[in-house]
Amino acid sequence: MALPKRFPDRVAVADVRTEAERLDGGAEADEPRRLAGRVMARRDLGKLVFLDLVDRSGRIQLLVRPDELGGVDLDLGDVIGVTGVPAKSRRGEPSLAVRELELLAKIRVPLPDTFHGLTDVEQRYRRRYLDLLMNEESRADFVLRTRIVTAIRRYLDDQGFVEVETPILQPRYGGAFADPFVTHYNALDADYYLRIATELYLKRLIVGGLERVYELGKDFRNEGVSYKHQPEFTQVEWYEAYADYRDTMARMEELVEYVARETIGGTTTTFRGHEVDLKAPWRRVKLVDALEEQGLWTRDADELRRRLAKRGVDTGHDASWAQLVDHALTAFVESSLVEPTILHDYPVELSPFARPTDDDRSIVERFEFFVGGTELGNAFTEINDPEEQAARFAEQAAEVGGEPGDPDYVEALSYGMPPTGGLGLGVDRLAMVLGGKDTIRDVVLFPALRERGSGS
């Protein structure tokens, strides 16, 4: 038997459920409604069969009389379309009294145990379609993520930012310290890189006069996986002409509060075991003060290495003072930043793209922001002097090896870039915070996983 190719004029289960809730027990409405979804439960009571129908909006009970329909030959997991009237059972359950029923798709493999759902965590990641099918909470989590992305866009659009698209395949990668993914561009006979950030292209657009720009999309870093890291991740970066990092701090706070209110209905959430309030303003702490509080601020690399070693930190891979400072921040400062906190004013050695402060050229106007001990993003007052930027690129190249930055970007700066504030915000991590999830894999539909049987 050929199954239907379409089922038009259906409405959402949640809408019919709302209609049915208004009825008295045992009553039926007059106007018919059409629903479609998956059968997720069945209870046979002689002349009456109760089915649970689930669509993206929710679940509703179907009241089916097999004698009126010529039988009900269905399995759990079948996709059906039904026509009927909103009703409320004598026990008060919102329902649809079915008058017509069509099979739209037949399940061929039994569903997992519908009571326990798909409980194996790795299988939930590997077979996300089953996780979504069996777990209403998972469906709600990813609808929340979508609403977060929509709210970010709405805020920036309303603030006069222009959304743009920049290259994902780039002849040079830049904008962050990270190892890239490399591919070969056959048409150009050249190696290209999956972008690690959108920064250098977006700032070219500031030079071009767009003044407020943002991009919301994928970046790629060929590095490790952790509770907060995925090699492929979603980030929003924005750049605003005639603004500095103080302006950017305020805008970040405003955006996060706005997104929280739009998506979870308030500013309080529980993340990694801590209740936090995302309402502006956030706590502000200078980086030097944070390290001094831990007894770890010194400009002497050997002394810092000794202090870290005394605390049991392996610094064998830290070749420079900047790397030691970064290690100290990661090991002892970041985890303490539980309440929403802006950590600001970084040593210039850690920040090749930020302008120096007015009071001390060894400190730059950079900040990172944290919730629950987890970094959400990074921001600068951007360098707009081409000679200074070229010098910073050269210093970076001398430290890590390789080519000195992006000469085309330096050339763009030579045409004059207004004073600019820029920021990158990890969308996956913001979704973790607002959704109360402890691992990034719970907010990424298809996270990167090792092949089965390849070890841990």
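This text leads through two helix packings, two enclosed or open spaces and two backbone features of a predicted model.

The first packing involves helix H5, residues 136–158, and helix H7, residues 245–264. Their axes come within 9 Å and cross at roughly 135°. Because angles over 145° would be needed for a roughly antiparallel arrangement, that value makes H5 oblique to H7. The crossing in which H5 passes H7 is right-handed. On the H5 side, the contact is made by Leu144, Arg147, Ile148, Ala151, Ile152, Arg154, Tyr155 and Leu156. H7 contributes Arg251, Glu254, Leu255, Tyr258, Val259, Glu262, Thr263 and Ile264. Sorted by character, the residues of this contact comprise 10 nonpolar, one polar and five charged.

A second pair of helices offers another packing geometry. Helix H9 (residues 301–310) and helix H10 (residues 321–333) pack with their axes 9 Å apart, at an angle of about 30°. Since angles under 35° count as roughly parallel, H9 is roughly parallel to H10. Here the crossing of H9 past H10 is left-handed. Ala301, Leu304, Arg305 and Leu308 of H9 make the contact with Trp321, Leu324, Val325, Ala328 and Phe332 of H10. The residues of the contact of H9 with H10 divide into eight nonpolar and one charged, with no polar residue.

The discussion now turns from packed helices to empty space. Rolling a probe the size of a water molecule over the atoms reveals where such space remains. A search of the whole structure finds one cavity of 30 Å³ or more. The largest cavity holds about 40 Å³ of space. Its lining consists of Asp141, Phe142, Leu144, Ala431, Gly435, Lys437, Asp442 and Val443. Two elements, H5 and helix H13 (427–435), each give two or more residues to this lining. H5 gives the most, with three residues. Leu144 of H5 therefore appears both in the lining of the largest cavity and in the contact with H7. By character, the lining of the largest cavity divides into four nonpolar residues, one polar and three charged.

An open space is found among the strands. The second largest pocket encloses about 490 Å³ of space. It is lined by 21 residues, of which Leu48, Phe50, Leu63, Ser89 and Arg90 are the closest to its centre. At least two lining residues come from each of strand S1 (33–45), strand S2 (48–55), strand S3 (58–64), strand S4 (79–88) and strand S5 (94–105). The lining of this pocket divides into nine nonpolar, three polar and nine charged residues.

Two local features of the backbone complete the account. Most residues other than glycine have a negative phi, and most peptide bonds are trans. Asp9 is not a glycine, yet it has a positive phi of about 65°. Asp9 is placed in the segment before helix H1 (13–21). The other feature is a cis peptide bond, which joins Ala280 and Pro281 with omega at about 0°. Pro281 lies in the loop between strand S13 (274–277) and strand S14 (283–286).

Conventions:
Residues numbered from 1 in each chain as written. Predicted model: local features only at pLDDT ≥ 70, side-chain atom pairs only at ≥ 80, totals over all residues. Heavy atoms only, no water. Axes fitted to C-alpha atoms, helices over the stretch in contact; angles between N-to-C directions. Helix = DSSP H or I, 4+ residues; strand = E, 2+ residues; numbered from the N terminus. Parallel < 35°, antiparallel > 145°, perpendicular 65-115°, else oblique. Left-handed = near helix turned anticlockwise from the far one by under 90°. Contact = heavy atoms within 4.5 Å. Nonpolar A, V, L, I, M, F, W, Y, C, P; charged D, E, K, R; others polar. 1 Å grid on protein atoms, 1.4 Å probe; cavity = no way out; pocket = protein on both sides within 12 Å on 5 of 7 lines; lining within 4 Å. Points joined across faces, edges and corners; volume = space filled by probe spheres on them.
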